[in-house]
Amino acid sequence: MGWLKELLQPGESFDALGRRLVAADGWPNADMNPRSVGNELRKLDRGDHSEWWFGTNPARGAALARLLEMEAADLEERLREVLDAQGQPRPTLVPLDDLPAARPIDLASESLFPGIPPELTGFLGPFGATWWIAPTGAGVTLLGRWLAARRSARVVVAPDARAAREAIRLGEWVYVDLESDEGIDALRFESLPEDAWITVAAPFAPPGRSPQGRTGSFRLRAGRDRDEDAADGDDGAGWSVVETPPLRSWIAAFLKWVERRLPRDGGFSRRRAEEVATNPYLGLRTPGDVLALCGVLDEVPWEAFEETPEKALRMTLKATFARVPQEALHGEWMRREGPSLARTMLRRLLTSPDVPTDAARSFVDEGLTPDEWSGLVPTEAAPGEDREEVDRFLARAEERSGHVPVEGLRAALRPDGREVVRLMVAGRWLGRCSGGRYRIRHGWLAAWLLRDELARCGEWRAEEIGEAFLRPGWNAPVVLALEQALHGNPAHPVLERILDAADGAGLADVSVVAAVEAGFRAAGLAVLDGARVDPALRGRLVRAQGRFMDLAGGAPPRLLPLLGSYSDTERSAGFGSFVVASLALTEGLDGAALGALPRVFAPWCDADPSLDLLEALRGVRLYEGGKSGEPGTLAPWARGSFRLGARLERRWGKAAAIPNALVGAAQVFAVSRFAAAALDGGGMAQVPDPWVLLGLPPTELIAECEELGCTRDQTLAALWRGGWDDVGGTYLNAWLRPGDPEEAATLWRACPPSRLSSPAPHGELRSLLHRGLPLADLDDEAWGHVLAAMRADTGLVLHRALWEAMPIPILAEAFLDPVLGSAADGVQDALVSAWHHDPGSMTGLLRAVAANGPEGRLGRLLATAPTAVVLDLAPRLVEELPGTREAVRRRLGTVVADRDAGWREAWRIWSALAKPLAPAGAATDG
């Protein structure tokens, strides 16, 4: 509206006036950010938030009037006159809440910011059926308001797919902001009218298309054949799928757009904003993400980002929560306590045993329910209303003045967890996503907060570290954060805290058991990366871990079922990283210092490698493979592992008991074997399983060989001196094609002239079996013939449809059959389905198998049983049939490793069935 701008000094901005206000006598919020005051002035200039100045705290309006050399009453009267004369601000004028200092967008006359798919903003919009997969922050709501302002489309905010389907009308463009995937099949392409003209914006894929499916290009056109439409569609979905463009394709134009809308005396710098926005550490994806970051960069000094991430994050949180409406009940409290409360809530998300373990995995993308968010609010931070305190306050106020001061009442009424969540939603800290869930509106800020909290894990209690380690998806980040903490503090107090907790802990204390394993892995990987850990401290850690090994698991001994026996899906949390961590920690220790740790994980006292060690080393993966044909990503601790492998190689020498098996089994030894062959004039043909070297980029392999005394030329010559034919030409091509062009050139320059081309890639054949037997019509006699045929024809055993159609008695007979019961996928899937349809009969089968079944069948049957059944039957089954103990423990271990519902109860039963723990410090004879 501009009425307040006219009263400012010539050339003065609202931010400058805000600075004068904060410094002025009588201003009631001396600790308030001047930029936030400037933003409130802009709102007042538009006719908004006048209550904040003249109603909630009249001292603010009085201070403003004094600076403008007016009476407060005259200033209020001027505002009323302007509103009466001009009415309310234009409804098409939309302020940018995340960028409060910016000029609002006029939807009726201006284009939207870059980053929204351009095909959605055309004059008439995309004809046919278009689905925009739009993550939170993509601009869905703003695009809807923009289309409505221009009358280009009828805009519908639909809570679910059924409501969206009812909104479709022929002859007009309908834009649907779809909030939930509930009833998603109502929007199947084939159910739409042929002339439907609809655009759906949702954070999930359309029905009939997997989220990983390719982007389709088909658009529904009137008059075309439906079968042809379906054939041209994306995975049968039929929708034309549009996705938010990648950030780098629009970031430069977007930041120019932002710069033009901001006052020049602010703190925003387009160059600096692009530097921060394109940093992969933050993971920005959408225009909303970038807009919020620009709002922060306009208010938080750039020096904070240059100094430390912690300072920048602290100031970012303060600026973010400063936008919580102050006139709201508890608004002042939230503005003051919000930053520390947000950090506390995220720490509880990672470390509280009262929070479901899968919540940390889902909250960034899928969000949490309001109740789950409320559960993260610590009671000591928001204890709820103290009614006695409120009554005392009201009584005192009435005695003294006869009225109740509003500010004092607000201080007495403290918010509970639900109120905190409502304030976070009102302040736009939390944003709604599908299914009625909420997430931190900007994923980059959520990821930044979590990384910062993990960086502090060296200060956590042992139980908190263990609980974070138990969170699915957070195992590896916890280990790597602990490793960094060990590098940063030579005294290693975090290991002391873990060991002190372990001294008095039993196997049932799952958080302490997990903390020991996390500390053991982190310390070992830190040693591989050059950190120094005192031998006495290493000995304590090794003995503590040894007490918590599953010694009943055979050779090699299994880890406890915290992450599964041989899982290596996460490099720092898999079985392989445990092996190399143990090798690093036990190097230099004698047998007496190992305690109960199995010698398979501490081979330094042995003259030759044992078969158990070779088996354990099969689980080691020093790189994480990409897609087929792509090179792997080297683990952070891989370089230290190569050198450790070389030391073991020198210790055992080439006369090791089974040298080929040693090299073929352990990738930690592959480089040292290759370097030795290169020095002797050999090549890759002398290295068993040479394909394991392909996980390293060529330059990494060259560098590692140089560490072992092999020159660059010797390494390159050895690479080409035979061996590629044995490995396969496709591996060579995969190594070079996606990598650095300079790496490819380096390798190809060393290619001998005699080599003309690499071998042709190998092919792979697949076969499928199709039969049309009317399975639903078979009686018991007919099924007897089918089983006989399956025994004679292994192809039939692989036919899933046969297993799925078997009645439970027939399925039980087939499962117990020595030949048929060994079938893998088909029978397993059928058993899972049978448990669902007839749990009573399956429980009877389970008891029969436990009592008299063939060896190995009990474990397979337990693997298909629902978790609730396993938890109910396990104690009684072991008590009645002691021989089932190990099969039951393995199944319970799977429940724990997968973090299924009830996993803590599974752990309690599992630990109760374990053998007694070894005493702390007990030695082993190997």
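Q: How do the residues lining the largest pocket divide into nonpolar, polar and charged?
A: This model is predicted, with local features needing pLDDT of at least 70 and side-chain atom pairs pLDDT 80 or more, while totals for linings use all residues. Residues are numbered from 1 along the chain, and side-chain values use heavy atoms without hydrogens or water. The lining (residues with an atom within 4 Å of a pocket point, a pocket being an open set on a 1 Å grid where a 1.4 Å probe fits, with protein on both sides within 12 Å along at least five of seven lines) divides into 25 nonpolar, nine polar and 11 charged.

Q: Which element gives the largest share of this lining?
A: Lining elements with two or more residues include β1 (93-94), β4 (154-158), α11 (287-299) and α6 (140-149) (DSSP runs: helices H or I of at least four residues, strands E of at least two). The largest share is five residues, and the element giving them is α6.

Q: Why is helix α21 described as largely enclosed?
A: Among its buried residues (under 20% relative accessible area, 1.4 Å probe) are Ala462, Ile465 and Phe469. Their cover includes α14 (331-351), α22 (475-488) and α45 (903-912). Helix α21 is largely enclosed by the rest of the structure because the buried residues number seven of eight.

Q: Which helix gives the most to the largest nonpolar core?
A: This core (buried Ala, Val, Leu, Ile, Met, Phe, Trp, Tyr and Cys joined through side-chain atoms within 4.5 Å) has 203 residues, with Trp132, Trp373, Trp429, Trp803 and Leu892 making the most contacts inside it. The most, 13 residues (510-528 being the helix's range), comes from α24.

How values were computed:
Buried < 20%, exposed > 50% of the residue type's maximum accessible area, 1.4 Å probe, protein only. Nonpolar A, V, L, I, M, F, W, Y, C, P; charged D, E, K, R; others polar. Contact = heavy atoms within 4.5 Å.
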